[in-house]
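Okay, thanks everyone, I'll keep this short. Let me put the structure up and then we'll walk through a few pieces of it.

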Amino acid sequence: MSAGIYVHVPFCLARCGYCDFNAYAGLDELKPRYLRALLREASLAASAWDGAEIASVFLGGGTPTTMTSDDLGCLLRALRSAFDVAPAAEVTTEANPDTLDEVSLAGLLDAGYTRLSMGAQSFDPAVLRSLERLHSPESVRRAVAAARATGYANVNLDLIYGAHGESLESWERTLEETIALAPEHVSAYALTIEPATPLGRTVARGDVPAPDPDVQADMFQTACSMLRDAGYGHYEVSNWARPGYECAHNLGYWRRQPYLGLGAGAHSYRDDRRWWNIRPPEEYLATVERGALPVGGDERLDPSDAYLEEVFLRLRILEGVPASWFHDDRADRFLESGLLTDDDGALVPTERGMLLLNELVLALTADEAFR
Amino acid sequence: MRPYHGGAVSTDSSHIRNFCIVAHIDHGKSTLADRLLEVTHTVADRDMRAQYLDKMDLERERGITIKAQSVRLLHEGFELNLIDTPGHVDFTYEVSRSLAACEGAVLLVDAAQGLEAQTLANYHLARDAGLMIVPALNKIDLPAAEPEQRTKELASLLDCDPSEILHISAKSGDGVDALLAAVIERVPPPVGDRAKPLQALIFDSMFDAYRGVITYVRVQEGVLPSKARIRMFATRVESDAEETGVNAPEPTPVPELGPGEVGYLVTGLKDVHQAKVGDTITLAGKQGAHEPLPGYREPKPMVWSGLFPADGSDYADLRDALDRLKLSDAALHFEPETSKALGFGFRCGFLGLLHMDIVKERLEREFDLELIATAPNVEFHVLRGGETTIVHNPAEMPPGGDHDEVEEPVVFATIITPADYLGAVLGLCQERRGELVDMSYLTPERVEVHYVLPMAEIVFDFFDQLKSGTRGYASLDYEPWGYQKADLVRVDVLLHGEPVDAFSTIVHREKAYPYGKRMVERLKELIPRQLFDVAVQAAIGSKVIARETVKAKRKDVLAKCYGGDITRKRKLLETQKKGKARMRRVGRVDVPQEAFIQALRVDDASTAKGKK
């Protein structure tokens with residue numbers, strides 16, 4: 001069995017208005033305890049994952065690089081000793097450009113973090129301010145240069161489009177600047193307004209308009225064509241990569257392979273069961289420190305749940321779903337209207353289809369049992 | 001029930017006075033009725049509550065009387081039967097039957113407000129019914145009261161001596177004794193012959209879950225015994241009546257109701273349609289009367305609307321609920337209707353918009369149903385090839401003017417307005433296709449205007465427009481006035497080329513464009529974007545008169561879907577799936593229930609107020 005490990009680091013330099021992740025600014029004094037708890041949780045969980053080959057490790061957050069390279073190195077060593085991590089496993093850490101310099105980057109690479117995923121978001125200072133990001137475009141350029149100088153050969157840049165004040169032209173410039181930095185991987189996300197965030201409340205009050213979905217659709221299509229022209233392959237709704245640099249860890253989620261989540265609020269999945277850790281860091285810490293697995297909840301997927309997940313995840317990664325999975329000819333109208341294409345018996349969404357994936361999934365699976 | 005202590009049954013009716021109170025809304029009718037109950041000790045002080053005679057919750061909430069009631073007051077050896085009258089133009093016929101049960105009417109006028117449209121309309125009804133009018137100015141203790149001016153106005157209307165007009169305060173009780181004395185002195189006792197065959201007028205009929213149909217009657221001739229085989233003239237139904245009694249004010253059995261008396265009869269019937277307001281009761285067999293009392297009319301719906309369950313599976317429940325309501329509401333009509341857009345439902349006929357509102361509210365409140373009501377319309381006559389078709393559903397109207405002539409019902413409207421607002425009133429009536437009949441100054445400041453107006457123009461939001469155009473000072477009353485030829489067309493609304501029958505309506509040709517434009521604009525906002533452009537069109541026949549486009553949806557996808565998002569995402573999809581299943585399909589277009597409800601909502605201000 002091949003599996004992935006996700007480690008959640010809930011610390012951030014500052015909270016961004018749009019973010020609804022389990023992330024906190026100002027909890028820095030918890031870091032030493034948190035690291036010890038991760039190591040303890042790994043050893044508590046390990047026996048259940050005997051025999052699983054760990055093909056990927058992914059540190060997400062929060063901002064994992066708010067912890068020192070030494071601490072992160074210690075963490076990875078502990079994972080390697082507790083689990084059967086493949087020698088060639090993809091090991092990624094997310095990073096905030098402002099937390100990186102050549103010294104810390106060398107430390108991370110040295111510790112075995114061979115893939116770097118950086119939150120660039122935009123190269124337009126006005127858009128960064130609108131997103132309440134503290135870093136500047138210049139610090140992204142500097143961080144990428146430092147990563148290259150250190151020897152990083154697998155770098156991802158995260159982008160967000162559709163923030164208030166961002167024009168299509170500004171988005172094109174952001175894409176140009178991104179391409180100019182030649183990362184191996186690009187993730188571009190349409191800004192989503194989450195109700196339980198400061199930005200969500202601002203929008204609900206009407207102080208800032210919600211993103212215009214039509215403008216975001218234009219931006220998506222711009223990203224598709226500019227990244228394609230620059231040699232990136234589109235392999236998931238929001239992800240592009242140079243050939244061979246697709247993110248193995250994330251592909252594991254989408255292909256419904258097992259994953260173990262460590263840290264506050266992290267989700268795990270295996271054998272049609274999904275469970276998630278206690279979300280508040282303090283409670284998570286107290287539970288692990290008692291020597292208990294910090295599970296906060298779980299669910300069992302019945303066949304119709306599993307079917308629905310299979311359909312929408314496969315459609316997301318453009319691997320396609322066999323036409324024979326659906327009743328009659330209900331895919332026909334989407335083939336006709338150009339939202340789906342038929343790739344040798346597999347239904348694959350087109351660019352327009354990807355933008356309307358929810359509608360496609362609903363229409364294709366309406367009243368369907370797993371077959 | 002308490003035993004009756006009203007004294008021995010008299011063979012003579014000289015001690016009886018049957019009267020009602022007629023007034024414009026808010027001029028104090030219910031307060032006066034309360035005070036009469038108190039002054040005559042009919043209701044013990046400890047049992048007294050405001051608006052004692054208004055029984056239904058809805059009546060108290062809306063401050064209007066929907067059903068008539070009668071109550072017996074005993075005062076200084078006299079038996080005074082106070083017959084309440086419904087207070088809304090929807091119920092003009094019911095008012096006329098209540099008046100027919102009386103010999104006199106207290107015409108109550110607010111000393112501050114003066115004469116209003118309903119004052120006049122009710123006065124004319126009462127006078128035409130031959131009633132003795134006892135005029136009274138109410139609220140004379142109000143600082144804004146102008147008793148002298150109002151007395152002059154009222155005396156000139158009634159052509160009487162100002163000294164005949166009583167001044168009272170129903171609130172404080174001032175002058176109420178004098179009013180009672182005037183009723184006794186001026187209202188003639190009823191005349192009737194015990195020996196003649198029974199003729200009893202039904203002026204109200206209601207359904208009681210335990211006792212079946214109870215009618216309120218006024219005996220004109222003969223005697224109505226407590227237990228008897230009775231017959232209804234209009235419906236030809238016979239039944240064994242179970243009990244006669246009077247409201248004093250609680251129901252109190254009496255051995256019989258003699259000529260001139262007013263009371264209730266437990267008929268032994270189970271369906272109010274067998275005992276209709278205005279019908280005459282007599283005894284079954286040879287001893288029965290040969291002729292009914294004059295003035296009976298079949299209750300006739302004026303306003304029609306389709307009622308559909310929001311959830312199609314509630315159809316049977318809606319049918320049962322309507323059946324139950326019909327037991328107690330003789331004016332309610334309904335027949336099955338099938339709509340392509342809304343499924344199975346009923347086309348219902350109502351006396352007016354208030355009646356429609358009440359029925360809808362009762363169905364939702366008492367039977368827990370969620371309903372979609374189509375836009376109300378009046379009943380049209382469509383003439384085609386020498387044949388007349390009665391149309392009370394826009395779907396039955398031939399599309400695109402394929403008819404020789406259409407007639408619509410009109411009303412005779414009485415409007416009283418301060419002279420300052422005359423221009424606004426005339427403007428509104430012109431805009432509503434009215435024809436001015438006449439106009440007269442009641443005083444230099446107040447004008448009475450008569451118009452013939454299409455009923456379709458008046459039943460919906462006319463009153464609100466009138467009120468807002470006159471700062472609330474104008475008053476309105478109207479009565480049906482037959483049919484008139486008009487240039488009417490059916491406007492259809494199409495979604496993606498598919499007509500939505502629930503949105504079709506019949507309007508005057510000149511109003512077709514504004515109506516169509518308003519509907520398509522409204523629907524543009526209400527119909528969610530689909531996977532393709534949806535044309536929203538309004539059309540007369542095949543001619544499109546207004547169009548909007550709901551642009552195709554371009555983006556509906558979650559940006560991020562990683563390990564921690566998958567469960568949430570799946571649940572979101574399941575919720576969306578349920579939402580889709582609740583939508584109605586029109587051709588290829590998914591339309592949410594809410595869009596139908598919102599699009600068909602009569603502008604909020606125009607209904608529900610009820611009070612006129």
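Quick bit of vocabulary before the sheet: two strands count as paired if DSSP finds at least two bridges between them. And keep in mind that this is a predicted model.

So, chain B has an open sheet of 6 strands, in the order β2-β3-β1-β4-β5-β6, and the pairing is mixed. Which strands stand at the edges? Those are β2(B), residues 70-75, and β6(B), residues 166-167; each has a single partner strand, so one side of each is left without a neighbour in the sheet.

Look at the β2(B) end. Its link to β3(B), residues 78-83, is antiparallel and made of 6 bridges. One pair you can click on is L73(B), whose bridge partner in β3(B) is L80(B). Over on β4(B), β5(B) and β6(B), helix α5(B), residues 147-158, lies across the strands, at about 165° to β5(B).

Staying in chain B, jump to Y483(B), in strand β26(B), which covers 475-486. Buried or exposed, or in between? Y483(B) has 15 C-beta neighbours inside 10 Å, so it counts as partly exposed. Leaving out residues up to four places away in sequence, Y483(B) touches H381(B), E407(B), E408(B), P409(B) and V410(B). E445(B) is 38 residues from Y483(B) along the chain, and their C-alpha atoms are 34 Å apart.

Last, chain A, with 14 helices and 17 strands. Its radius of gyration is 21 Å, close to the 21 Å from the globule rule for 371 residues, so chain A is as compact as a globular protein of that length. Buried residues make up 45% of chain A.

Technical notes: Residues numbered from 1 in each chain as written. Chains lettered and ligands numbered in written order. Predicted model: local features only at pLDDT ≥ 70, side-chain atom pairs only at ≥ 80, totals over all residues. Helix = DSSP H or I, 4+ residues; strand = E, 2+ residues; numbered from the N terminus. Buried ≥ 20, exposed ≤ 12 C-beta atoms within 10 Å, placed from the backbone. Contact = placed C-beta atoms within 7 Å. Axes fitted to C-alpha atoms, helices over the stretch in contact; angles between N-to-C directions. Rg over C-alpha atoms; globule rule 2.2 N^0.38 Å.
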